[in-house]
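Visitor: I am new to this structure, and I would like to understand the words used for it. Could you take me through them with care?

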Amino acid sequence: MRWLWIFACIYSLGAAPPAAYQPKDYSSLLDMPGFSEDLMQMHFKLYQGYVKTTNALIAQLKSLENSGQARSFEYGALKRRLGWEFDGMRLHELYFGNLGGNGKPSAAPVLMRALIAQYGSYQKWKSAFVATGLIRGIGWAALYIDPEDGRLVNTWINEHDTGHLATGSILLVMDVFEHAFMPQFGLNKEKYVEVFFSNVDWDVAEERFLSLFPSSQVQKKKHQHRSTKY
Ligand SMILES: [Fe+2]
């Protein structure tokens, strides 16, 4: 199914220029326990700004290319900026996308088995992820999977665009820019991390994992017959 979707995208791109990116609606997250509505509304507005700026940058770059100014300093500066804005847009979508759950990792049995196999226990993995998120600075803590060998890696992404693992895919991501917590939690970043984990939608992380390793579905079915506590 994934390949059919990619083929459909490529086919449609060949037929017409891609439309501008549209901000996605995450208003269902407004009633998440622990997060204030003001914080979430502010965060949505900020995300929408990334979508808008990404579209503006793409249009401006196209305009410079069409007017023969692709070797200009302006073109180079805007080109460098595109990755930052685009990653800001996509990382927020991944972040909002893995929120809104009940925080119970039992919803991701296949992923949990892989995490436990590599880290020893869910708690050991979580401690390492939290430590990554508490690094001083602004950026993201992300659980990446290296599709080459299925390795699960907790990663620090500096700002939006530095530290990504090439060819890797993000299964879970936590925003640790100051805007994500300071308006509500002040300097208490630990409390924000706790509230984040209590709202993780592990179903989504599981789906991201299984979309990369569909053969794991077999393992999932086997696992559903057991009850495991994390
Ligand atoms: Fe953010």
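Visitor: How do you know how helix α2 and helix α3 are placed against each other?

Guide: In this predicted model, the axes of α2 (residues 37–66) and α3 (residues 73–97) come within 8 Å of each other, and they cross at roughly 150°. Angles over 145 degrees count as roughly antiparallel, and therefore α2 is called roughly antiparallel to α3. The crossing of these two helices is, in addition, left-handed.

Visitor: Which residues meet where α2 and α3 are in contact?

Guide: On the α2 side they include Tyr47, Tyr50, Val51, Leu57, Leu61 and Leu64, and on the α3 side they include Tyr75, Leu78, Leu82, Phe86, Met89 and His92. Sorted by class, the contact of α2 with α3 has 11 nonpolar, 5 polar and 4 charged residues.

Visitor: What makes β2 and β3 the edges of the sheet?

Guide: The sheet is an open one of 3 strands in the order β2-β1-β3, with antiparallel pairing. Both β2 (151–158) and β3 (169–175) have a single partner strand, so one side of each is left without a neighbour in the sheet, and that is what it means here to stand at the edge. Neighbouring strands of this sheet are turned against each other by 20° on average, with direction ignored.

Visitor: How do you know that β1 pairs with β2 and with β3?

Guide: Two strands pair if there are at least two bridges between them. Strand β1 (residues 139–146) is joined to β2 by 8 bridges, and 6 bridges join β1 to β3, so both pairs meet that requirement. A residue of β1 that shows both pairings is Ile145, which stands opposite Leu152 in β2 and has Ser169 as its bridge partner in β3. Elsewhere in the sheet, Leu143 stands opposite Asn154 in β2.

Visitor: What lies between β1 and β2?

Guide: These two strands form a hairpin with 4 residues between them, and Gly150, in the turn, has a positive phi of about 75°.

Visitor: What makes β3 a mostly covered strand?

Guide: A residue is called buried if 20 or more other C-beta atoms lie within 10 Å of its own, and 6 of the 7 residues of β3 are buried, which is why the strand is described as mostly covered. Helix α3 lies across β1 and β3, and runs at about 85° to β3. Because angles of 65 to 115 degrees count as roughly perpendicular, α3 may be called roughly perpendicular to β3.

Visitor: Why is Gly163 called partly exposed?

Guide: Gly163 has 14 other C-beta atoms within 10 Å; a residue would be buried at 20 or more and exposed at 12 or fewer, so Gly163 falls in between. The place of Gly163 is in the loop between β2 and β3. Leaving aside neighbours within four places in sequence, Gly163 is in contact with Thr155, Trp156, Ile157 and Asn158. Gly163 and Trp140 are 23 residues apart in sequence, with a C-alpha to C-alpha distance of 9.7 Å.

Visitor: How many helices and strands does the chain have?

Guide: The secondary structure comes to 9 helices and 3 strands, and from the N terminus on the elements run α-α-α-α-α-β-β-β-α-α-α-α. Of the 230 residues of the chain, 24% count as buried. Among contacts with a separation of 6 or more, residues 24 or more positions apart account for 69%.

Note on methods. Residues are numbered from 1 along each chain as its sequence is written. This is a predicted model: local features need pLDDT of at least 70, side-chain atom pairs count only at pLDDT 80 or more; totals for chains, interfaces and linings use all residues. Axes are lines fitted to C-alpha atoms, for helices over the stretch in contact, and angles run from 0 to 180 degrees between N-to-C directions. Angles under 35 degrees count as roughly parallel, over 145 as roughly antiparallel, 65 to 115 as roughly perpendicular and the rest as oblique. A crossing is left-handed if the near helix is turned anticlockwise from the far one by less than a right angle, and right-handed if clockwise. Two residues are in contact if their C-beta atoms, placed from the backbone, lie within 7 Å. Ala, Val, Leu, Ile, Met, Phe, Trp, Tyr, Cys and Pro count as nonpolar, Asp, Glu, Lys and Arg as charged, and the others, Gly among them, as polar.
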